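Biologist: Please take one close look at how the side chains meet in this model. I would like the charged side chains treated with care, and then the rings.

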Amino acid sequence: MGERVAFLGHDFLFKGTAATTGGAFSAIEIVQRRGGEPPRHVHHREDEAFYVLEGEMTFHVGDEVLPAPAGSFVFLPRDVPHTFTVNGDGVARVLQLCSPAGVERFFSEWSDRPLDVPAMATALDEYGVEIVGPPPR
């Protein structure tokens with residue numbers, strides 16, 4: 001089934017990692033909860049995509065605001081600032097894909113830690129991820 005971790009109040013289940021895909025991509029099933037949305041950020045090394053399995057989310061990708069009910073697929077290209085919110089009942093289940101793999105190590109390393117944006121920003125630099133703004137309100 002894969003490693004399970006808690007990250008900022010969300011439940012992560014690693015389905016595919018750099019180790020299991022030869023570095024090609026990662027796949028993580030995530031139960032996202034409202035209130036733990038990430039700051040606006042940019043991935044400089046990988047493209048990211050979300051398939052919304054359950055619940056409802058809104059993605060902010062560049063200047064676009066994309067509603068994403070269950071069944072939606074949202075592509076987040078590298079070098080484009082993005083974030084998301086969880087809507088509805090405050091819980092969504094998603095499949096997150098990143099290509100190439102690697103950034104999933106950050107989630108594992110930072111599991112069970114409280115939110116500390118300055119420390120997180122420093123750690124994310126190693127993964128080519130840059131925090132560029134606050135979470136949406």
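Modeller: What follows goes through the salt bridges, then a buried acid, a buried alanine and the aromatic rings. The model is predicted.

The structure holds 5 salt bridges. One of them joins the side chains of Arg33 and Asp11, at 2.9 Å from N to O. Arg33 belongs to strand β3 (residues 26–33) and Asp11 to strand β2 (residues 10–16), so this pair ties together parts that are 22 residues apart in sequence. Arg33 is partly exposed, at 30% relative accessibility, and Asp11 is partly exposed as well, at 34%.

Another salt bridge is formed by Glu29 and Lys15, whose closest N and O atoms are 3.6 Å apart. Here too the partners sit in strands β3 and β2: Glu29 lies in β3 and Lys15 in β2, so the pair ties together parts 14 residues apart in sequence. Lys15 has a relative accessible area of 43%, so it counts as partly exposed. This pair is also part of a network of salt bridges that links Lys15, Glu29, Glu54 and Arg93.

A further salt bridge brings together the side chains of Asp47 and Arg78, at 3.3 Å from N to O. Asp47 lies in strand β5, while Arg78 lies in the loop between β8 (73–76) and β9 (82–86), so the pair ties together parts that are 31 residues apart in sequence. Asp47 is partly exposed, with a relative accessible area of 22%, and Arg78 is partly exposed at 32%.

Glu46 is an acid without such a partner. It lies in the loop between β4 (40–43) and β5 (47–54). Glu46 is buried yet has no salt bridge, and the nearest side chain of opposite charge, that of Arg45, is 6.3 Å away. A salt bridge needs the nitrogen and the carboxyl oxygen within 4 Å. The side chain of Glu46 does make a polar contact, 2.5 Å, with the side chain of His43. Beyond its neighbours within four places in sequence, Glu46 is in contact with several residues, including Arg78, Cys98, Pro100 and Tyr127.

Ala92 is found in strand β10 (residues 91–99). With a relative accessible area of 1%, Ala92 is buried. Leaving aside neighbours within four places in sequence, the contacts of Ala92 include Ile30, Val31, Gln32, Glu54 and Val86. Val80 is 12 residues from Ala92 in sequence, and the two C-alpha atoms are 23 Å apart in space.

Now the rings. The structure holds 10 aromatic pairs. Phe7 and Phe12 make one of them, an edge-to-face pair with 5.5 Å from centre to centre and 75° between the planes. The rings of Phe106 and Phe107 have centres 6.0 Å apart and planes at 70°, so this pair is edge-to-face too. These four residues are buried: Phe7 has 7% relative accessibility, Phe12 has 3%, Phe106 has 2% and Phe107 has 11%.

Ring pairs link Phe7, Phe12, Phe106, Phe107, Trp110 and Tyr127 into a cluster. Tyr127 is also one of the residues in contact with Glu46. At Trp110 a charge is involved: the charged end of Arg113 sits over the ring of Trp110, 4.2 Å from its centre.

Note on methods. Residues are numbered from 1 along each chain as its sequence is written. This is a predicted model: local features need pLDDT of at least 70, side-chain atom pairs count only at pLDDT 80 or more; totals for chains, interfaces and linings use all residues. Side-chain values use heavy atoms; hydrogens and water are left out. Rings of Phe, Tyr and Trp (its six-membered ring) pair if their centres lie within 6.5 Å; planes under 30 degrees apart count as stacked, over 60 as edge-to-face and the rest as tilted. Buried means under 20% relative accessible area, exposed over 50%, partly exposed in between (1.4 Å probe, protein chains only). A charge sits over a ring if NZ of Lys or CZ of Arg is within 6 Å of the ring centre and within 35 degrees of the ring normal. Helices (H or I, at least four residues) and strands (E, at least two) are DSSP runs, numbered from the N terminus. Contact means heavy atoms within 4.5 Å. Lys and Arg count as positive and Asp and Glu as negative; His and the chain ends are not counted. A polar contact is a pair of N or O atoms within 3.5 Å; within protein, one must be able to donate a hydrogen and the other to accept it, and residues adjacent in sequence count only if both atoms are side-chain atoms.
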